[in-house]
Amino acid sequence: MSLKKSEKIWMDGKFVDWDDAKIHVCSHVIHYGTCVFEGIRCYKTKKGSAIFRLEPHIKRLYNSAKMYRMEPQIPFDEFVEACKEIVRVNKMEACYIRPVVYRGYDSLGVNPFPNPINAFIVVWEWGKYLGPEALEQGVDVCVSTWDRIAPNTLPALAKTGANYMNSQLIKMEALVNGYAEGIALDTNGYVSEGSGENIFLILDGKVITPPLGASVLPGITRNSVMELATELGIEVREQLVPREMLYIADEVFFTGTAAEISPIRSIDKIKIGEGKRGPVTKKLQDLFFKVLNAEVDGHMAWLDFI
C-alpha cells in the first residue's frame with residue numbers, strides 16, 4: 001500500500017511541504033539507524049477528531065531518546081502540541097501520526113555525539129494494519145525462526161529504528177511463507193511479541209501476556225487492553241509464555257497502535273480455539289472501540305480532541 005501524501009510535515013518547529021521534507025544523505029540516522037519514533041492514531045469520534053493516548057506515546061518517545069542519550073531539542077509539552085497541530089494543519093479527521101527524533105548531519109562515524117538532534121512529525125491516512133477483515137476473522141501467523149534482541153544488547157523498551165531491522169526479518173519470513181505475521185521468541189525461547197505488535201493469550205478464562213523482561217516493547221495499546229480487561233472483571237497475568245502454550249490457548253490476539261486488537265486464528269497451521277475470533281477477544285474489541293469512539297465516559301482522558 002503506497003503512502004498517501006498529506007500536505008505538510010512538521011520539521012524542527014516548521015511546517016514544510018511534503019515533497020520538500022528532506023534530510024542530507026550523510027545524516028547519521030541513515031548510516032547508523034540512530035532514531036527513535038512513535039506510532040499514534042487519530043480517530044474520528046462521535047465528538048470530533050481525537051488522538052488516542054497522545055501523552056503516553058510522547059512520554060515513551062522521550063524515554064526511548066533518553067536511553068540513547070538523544071535529548072530532544074523541543075520541550076515535551078510543545079512536542080505534544082505539535083502532534084495536534086500537524087493534524088489540524090493537514091485538516092485530517094482520522095490519520096496515523098509518526099513522530100521521529102533522529103541524529104542529523106554533521107559527521108560520520110560510530111560516535112553519534114557531534115551530530116544534531118532533529119525531529120519531524122508526519123501524518124497520513126492508514127487503514128487496518130492487517131486488513132479490515134482481520135479484526136473479525138483473525139489472521140494466520142507463524143512462530144519466527146528469528147529471535148527478539150537479547151537483553152543488554154539493544155534496549156527492547158525503546159522504540160527505535162534499529163530494533164525494527166529485527167522486526168523486518170520476522171515480517172518478511174512470515175510473508176514469504178504465506179502468513180500474515182510472525183511471532184518472535186526471546187533468547188530464552190519464551191514468547192516475546194509480533195514484528196510490530198504485543199501478544200495476548202486467553203487460557204482458562206484468564207488474559208495472559210509476556211512480561212516486559214521478555215524483550216517486549218511497553219505497548220500503549222497493550223497497557224490499555226490490560227486496564228480494560230480488568231474493568232471487565234477478567235484476571236490479567238504478565239508471565240513467561242512457553243511456545244507450546246500458544247497452541248493450546250483458547251484465544252490469541254495481537255495489540256498495537258496499527259493492529260489495534262487483531263485476533264489470531266492459527267499459529268504454525270494449528271487452529272487456535274474455534275479458528276476464529278473468540279468471545280473474550282470480541283468483548284475487549286467492543287469496549288476498546290467504544291473508547292476510541294468517545295462512547296465511554298470513564299476513558300475520555302485517553303482522548304486528546306483536536
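Let's start with isoleucine 30, which sits in helix H1, a stretch covering residues 28-32. Keep in mind that this is a predicted model. From that helix we'll move on to pockets, salt bridges and cavities.

**A nonpolar patch on the surface**

- Ile30 teams up with Ile23 and Val25 to make a nonpolar patch on the surface.
- Together, Ile23, Val25 and Ile30 have about 270 Å² of accessible area.

**The largest pocket**

- The largest pocket has a volume of about 870 Å³.
- Its lining is made of 45 residues, and those closest to the pocket's centre are Phe37, Lys159, Tyr164, Ser195 and Gly196.
- Many parts of the chain chip in: among the elements that each give at least two lining residues are strand E3 (35-37), helix H2 (54-67), strand E6 (95-103) and strand E7 (117-124).
- Further along the chain, helix H5 (163-176), strand E10 (191-194), helix H6 (220-231) and strand E14 (251-256) each supply at least two lining residues as well.
- Which helix gives the largest share of this lining? That's H5, with 8 residues.
- Sorted by class, the lining of the largest pocket has 21 nonpolar, 17 polar and 7 charged residues.

**The second largest pocket**

- Next comes the second largest pocket, with a volume of about 260 Å³.
- This pocket is lined by 16 residues, and closest to its centre you'll find His28, Tyr32, Thr34, Tyr68 and Pro112.
- Helix H1 turns up again here: H1 and E3 each provide at least two residues of the lining of the second largest pocket.
- The class count for this lining is 10 nonpolar, 4 polar and 2 charged residues.

**Salt bridges**

- Side chains of opposite charge can pair when their charged atoms come close.
- How many salt bridges does the structure hold? There are 17 of them.
- One of the pairs is glutamate 260 with arginine 41, whose closest N and O atoms are 3.9 Å apart.
- That pair links distant parts of the chain, since glutamate 260 belongs to strand E15 (residues 260-267) and arginine 41 to strand E4 (residues 40-45), 219 residues apart.
- Are glutamate 260 and arginine 41 buried or exposed? Glutamate 260 is buried, at 1% relative accessible area, and arginine 41 also counts as buried, at 6% relative accessibility.
- Glutamate 238 pairs with arginine 222, and here the closest N and O atoms are 2.6 Å apart.
- Because glutamate 238 lies in strand E13 (residues 236-238) and arginine 222 in helix H6, this salt bridge ties together parts that are 16 residues apart in sequence.
- Glutamate 238 counts as partly exposed, at 44% relative accessibility, whereas arginine 222 is buried, with a relative accessible area of 5%.
- Glutamate 81 and arginine 88 have side chains that meet in another salt bridge, 2.9 Å from N to O.
- Glutamate 81 counts as partly exposed, at 36% relative accessibility, and so does arginine 88, at 31%.
- Glu81 and Arg88 aren't alone, though: they are linked with Glu85 in a network of salt bridges.

**Cavities**

- How many cavities of 30 Å³ or more are there? The count comes to 2.
- The largest cavity holds about 40 Å³ of space.
- Some familiar names line the largest cavity: Arg41 and Glu260 are there, along with Tyr43, Phe52, Thr221, Gly256, Thr257 and Phe288.
- By class, that lining has 3 nonpolar, 3 polar and 2 charged residues.
- The second largest cavity has about 30 Å³ of space in it.
- Residues lining the second largest cavity include Asp250, Glu251, Val252, Pro263, Ile264 and Thr281.
- Strands E14 and E15 each supply at least two residues of the lining of the second largest cavity.
- This lining divides into 4 nonpolar, 2 polar and 4 charged residues.

**A closer look at threonine 281**

- Threonine 281, one of the residues lining the second largest cavity, lies in helix H8 (residues 279-292).
- Threonine 281 is buried, with just 1% relative accessible area.
- Its C-alpha atom is 7.8 Å from that of isoleucine 261, although threonine 281 and isoleucine 261 are 20 residues apart along the chain.

Definitions and conventions: Residues numbered from 1 in each chain as written. Predicted model: local features only at pLDDT ≥ 70, side-chain atom pairs only at ≥ 80, totals over all residues. Heavy atoms only, no water. Patch = residues over 30% accessible without salt bridge, like charges linked within 9 Å, V, L, I, M, F, W, Y side chains within 5 Å. Areas by Shrake-Rupley, 256 points an atom, 1.4 Å probe, with all protein chains shown as cover. Salt bridge = Lys/Arg side-chain N within 4 Å of Asp/Glu carboxyl O. Helix = DSSP H or I, 4+ residues; strand = E, 2+ residues; numbered from the N terminus. 1 Å grid on protein atoms, 1.4 Å probe; cavity = no way out; pocket = protein on both sides within 12 Å on 5 of 7 lines; lining within 4 Å. Points joined across faces, edges and corners; volume = space filled by probe spheres on them. Nonpolar A, V, L, I, M, F, W, Y, C, P; charged D, E, K, R; others polar. Buried < 20%, exposed > 50% of the residue type's maximum accessible area, 1.4 Å probe, protein only.
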